[in-house]
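Work through the exercises below with the sequence and the model at hand. Each task is followed by a solution in steps.

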Amino acid sequence: MLRILHIRRISTGSRNVPSVGTVISLFRTFRDEDLRQFVALTGDHNPIHATNRGMKSDTVNGSDEVFVNGAFLNAVIAGIIGTNFPGFVVTTQSFRFPNRCQLHQEVQFSVRVEELRKVVTVSYESKQSDRIVFEGTAKLFAVRK
């Protein structure tokens, strides 16, 4: 399930780029099928990302919990950035995963525009039940055609 919370853009010449301070957010709940498709695409068969329905699942460190793959969280952030900064590429990125992201629980993804210069700086975070599960920063550069 995908639910968009808030998007605000301003026009800057021929490009439609968010302004400094703009926060772009959406909500998503990851399901078993989402993880199965992600595993099929990436080949990451780590059992902590395997669901009990149709995928091999093992007990990991005494727990049967299934966690959303961090690369999957990063892909959602990349989608927000790519959609709202057309023609830009991510040149550097720094991130961390302070808490595990649980399957079947809503996640709020937010990207904030920090700086608009030749290189655009954004910060982002993903929260689940008011706990940050993924956060970081990225620098974007406009590709000229």
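Contact means heavy atoms within 4.5 Å. The model is a predicted one, in which local features need pLDDT of at least 70 and side-chain atom pairs count only at pLDDT 80 or more, while totals for chains, interfaces and linings use all residues. Residues are numbered from 1 along each chain as its sequence is written, and side-chain values use heavy atoms, with hydrogens and water left out.

**Exercise 1. Describe the chain as a whole.**

Step 1. Helices (H or I, at least four residues) and strands (E, at least two) are DSSP runs, numbered from the N terminus. The chain has 2 helices and 8 strands, arranged along the sequence as β-β-β-β-α-α-β-β-β-β.

Step 2. A residue is buried under 20% relative accessible area, exposed over 50% and partly exposed in between (1.4 Å probe, protein chains only). Of the 145 residues in the chain, 39% are buried.

Step 3. Accessible areas come from the Shrake-Rupley method with a 1.4 Å probe, and for residues only the protein chains shown count as cover. The accessible surface of the chain is about 8,300 Å², and carbon and sulfur atoms hold 51% of that surface.

Step 4. Among contacts with a separation of 6 or more, 63% join residues 24 or more positions apart.

**Exercise 2. Check the length of helix 2 and describe its N-terminal end and its buried residues.**

Step 1. The expected span of a helix is 1.5 Å times one less than its number of residues. Helix 2 (residues 70-84) has 15 residues and should therefore span 21 Å; the C-alpha atoms at its ends are 22 Å apart, which agrees.

Step 2. The N-terminal end of helix 2 is capped by Asn 69, with a side-chain oxygen 2.7 Å from the backbone nitrogen of Ala 71.

Step 3. The buried residues of helix 2 are Gly 70, Phe 72, Leu 73, Asn 74, Val 76, Ile 77, Ile 80, Ile 81 and Asn 84.

**Exercise 3. Which residues of the largest nonpolar core touch the most other members, and which elements supply the core?**

Step 1. A nonpolar core is a set of buried Ala, Val, Leu, Ile, Met, Phe, Trp, Tyr and Cys residues joined through side-chain atoms within 4.5 Å. The largest one has 30 residues, and Phe 30, Phe 85 and Phe 109 touch the most other members.

Step 2. At least two residues of this core come from each of strand 4, helix 1 (32-42), helix 2, strand 6, strand 7 (119-128) and strand 8 (131-142). Helix 2 gives the largest share, 6 residues.

Step 3. Neighbours within four places in sequence aside, the contacts of Phe 30 are Val 68, Phe 72, Leu 73, Val 76, Leu 103, His 104, Val 107 and Phe 109.

**Exercise 4. Follow strand 4 to its partner and place Val 111.**

Step 1. Strand 4 (residues 23-29) is largely enclosed by the rest of the structure, because 6 of its 7 residues are buried.

Step 2. Two strands pair if DSSP finds at least two bridges between them. Strand 4 pairs with strand 6 (residues 106-116) in the antiparallel sense, over 7 bridges. Within strand 6, Val 111 is the bridge partner of Ile 24.

Step 3. Val 111 is buried, at 0% relative accessibility. Setting aside neighbours within four places in sequence, Val 111 contacts Thr 22, Val 23, Ile 24, Ile 77, Ile 80, Ile 81, Val 122, Ser 123 and Tyr 124.

**Exercise 5. Is Ser 123 buried or exposed, and what does its side chain contact?**

Step 1. Ser 123 is in strand 7 and counts as buried, at 18% relative accessibility.

Step 2. A polar contact is a pair of N or O atoms within 3.5 Å; within protein, one must be able to donate a hydrogen and the other to accept it, and residues adjacent in sequence count only if both atoms are side-chain atoms. The side chain of Ser 123 makes such a contact with the side chain of Glu 114, at 2.6 Å.

Step 3. Not counting residues up to four places away in sequence, Ser 123 touches Ser 110, Val 111, Arg 112, Glu 114, Gly 136 and Thr 137.

**Exercise 6. Examine phi in the loop between strand 7 and strand 8.**

Step 1. Most residues other than glycine have a negative phi.

Step 2. Ser 129, in this loop, is not a glycine but has a positive phi of about 55 degrees. At 59% relative accessibility, Ser 129 is exposed.

Step 3. Asp 130 lies in the loop between strand 7 and strand 8, and its phi is also positive, near 65 degrees. Asp 130 is exposed, with a relative accessible area of 71%.
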